[in-house]
Amino acid sequence: MASGKVCFLATLCSLVILSTFIDSTQSASCCLRYTSRRLRCQRLLRYTVQTINTSCDINAIIFHLPGRFVCADPSSIRTQREKKCVDERRKKNSKIIANRT
């Protein structure tokens, strides 16, 4: 009887530790501040949107560049231009691929 309680308690503790670890790894991948540098459109591969609803502290646009990520303020006019540039380039590339087939 006592060994069943110990086993249950050990399982419960393991789950608590595991959930804490998972939460901390999610927050480690969040943007914590915005870049102040200009980003060249040609180097931007794509972007993703970070919201505070996904356990992150700030809303951000995460630009994917070769070998790294850069966080930008989603309300910035410069960020909106950079997003538009990526969208237009992806749209253009999609048309080129569609015309080849």
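Here are some short exercises, each with a worked solution, on the predicted model shown above.

**Exercise 1. Get your bearings**

Work out how many helices and strands the chain has, and in which pattern they follow one another.

*Solution.* Start by counting: the chain has two helices and three strands. Next, walk along the sequence, and you'll read the pattern α-β-β-β-α. Now put some residue numbers on the elements. Helix α1 covers 2-28, strand β1 covers 46-50 and strand β2 covers 60-65. Strand β3 takes in residues 68-72, and helix α2 runs over residues 77-100.

**Exercise 2. Pair up the cysteines**

Find out how many disulfides the structure holds, and say which pattern they follow.

*Solution.* There are three disulfides to find. Let's take them one by one.

- Cys30 bonds to Cys56, with 1.9 Å between the sulfur atoms.
- Cys31 bonds to Cys71, with the sulfur atoms 2.0 Å apart.
- Cys41 bonds to Cys85, at 1.4 Å from S to S.

Now count the bonded cysteines along the chain, and the pattern comes out as 1-4, 2-5, 3-6.

**Exercise 3. See what each disulfide ties together**

For each disulfide, say where its two cysteines sit and which hand the link has.

*Solution.* Begin with Cys30 and Cys56. The torsion about their S-S bond is about -65°, so this disulfide is left-handed. The pair links distant parts of the chain, 26 residues apart: Cys30 lies in the loop between α1 and β1, while Cys56 lies in the loop between β1 and β2.

Move on to Cys31 and Cys71. Here the torsion is about -80°, so the disulfide is left-handed. Cys31 sits in the loop between α1 and β1, and Cys71 sits in strand β3, 40 residues apart.

Finish with Cys41 and Cys85. With -80° about the S-S bond, their link is left-handed. Cys41 is in the loop between α1 and β1, and Cys85 is in helix α2, 44 residues apart.

**Exercise 4. Buried or exposed?**

Decide whether Cys30, Cys56, Cys31, Cys71 and Cys41 are buried or exposed.

*Solution.* You need one cut-off here: a residue is buried when its relative accessible area is under 20%. Check each value against that.

| Residue | Relative accessible area | Verdict |
|---|---|---|
| Cys30 | 11% | buried |
| Cys56 | 10% | buried |
| Cys31 | 3% | buried |
| Cys71 | 15% | buried |
| Cys41 | 17% | buried |

For the wider picture, 20% of the 101 residues of the chain count as buried.

**Exercise 5. A charged residue out of view**

Look up Lys83: which side chain of opposite charge is nearest, and which residues is Lys83 in contact with?

*Solution.* First locate the residue: Lys83 is in helix α2. Then look for a partner. The nearest side chain of opposite charge is Asp87, 6.1 Å away. A salt bridge needs the nitrogen and the carboxyl oxygen within 4 Å, and Lys83, although buried, has no salt bridge. Last, list the contacts. Setting aside neighbours within four places in sequence, Lys83 touches Tyr47, Ile61 and Phe63.

**Exercise 6. Step back to the whole chain**

Say what share of the contacts with a separation of 6 or more comes from residues 24 or more positions apart, and what the accessible surface comes to.

*Solution.* For the contacts, the share is 44%. For the surface, the total is about 7,900 Å², and carbon and sulfur atoms account for 60% of that area.

Technical notes:
Residues numbered from 1 in each chain as written. Predicted model: local features only at pLDDT ≥ 70, side-chain atom pairs only at ≥ 80, totals over all residues. Heavy atoms only, no water. Helix = DSSP H or I, 4+ residues; strand = E, 2+ residues; numbered from the N terminus. Buried < 20%, exposed > 50% of the residue type's maximum accessible area, 1.4 Å probe, protein only. Lys, Arg positive; Asp, Glu negative; His and termini not counted. Contact = heavy atoms within 4.5 Å. Disulfide = S-S within 2.5 Å. Areas by Shrake-Rupley, 256 points an atom, 1.4 Å probe, with all protein chains shown as cover.
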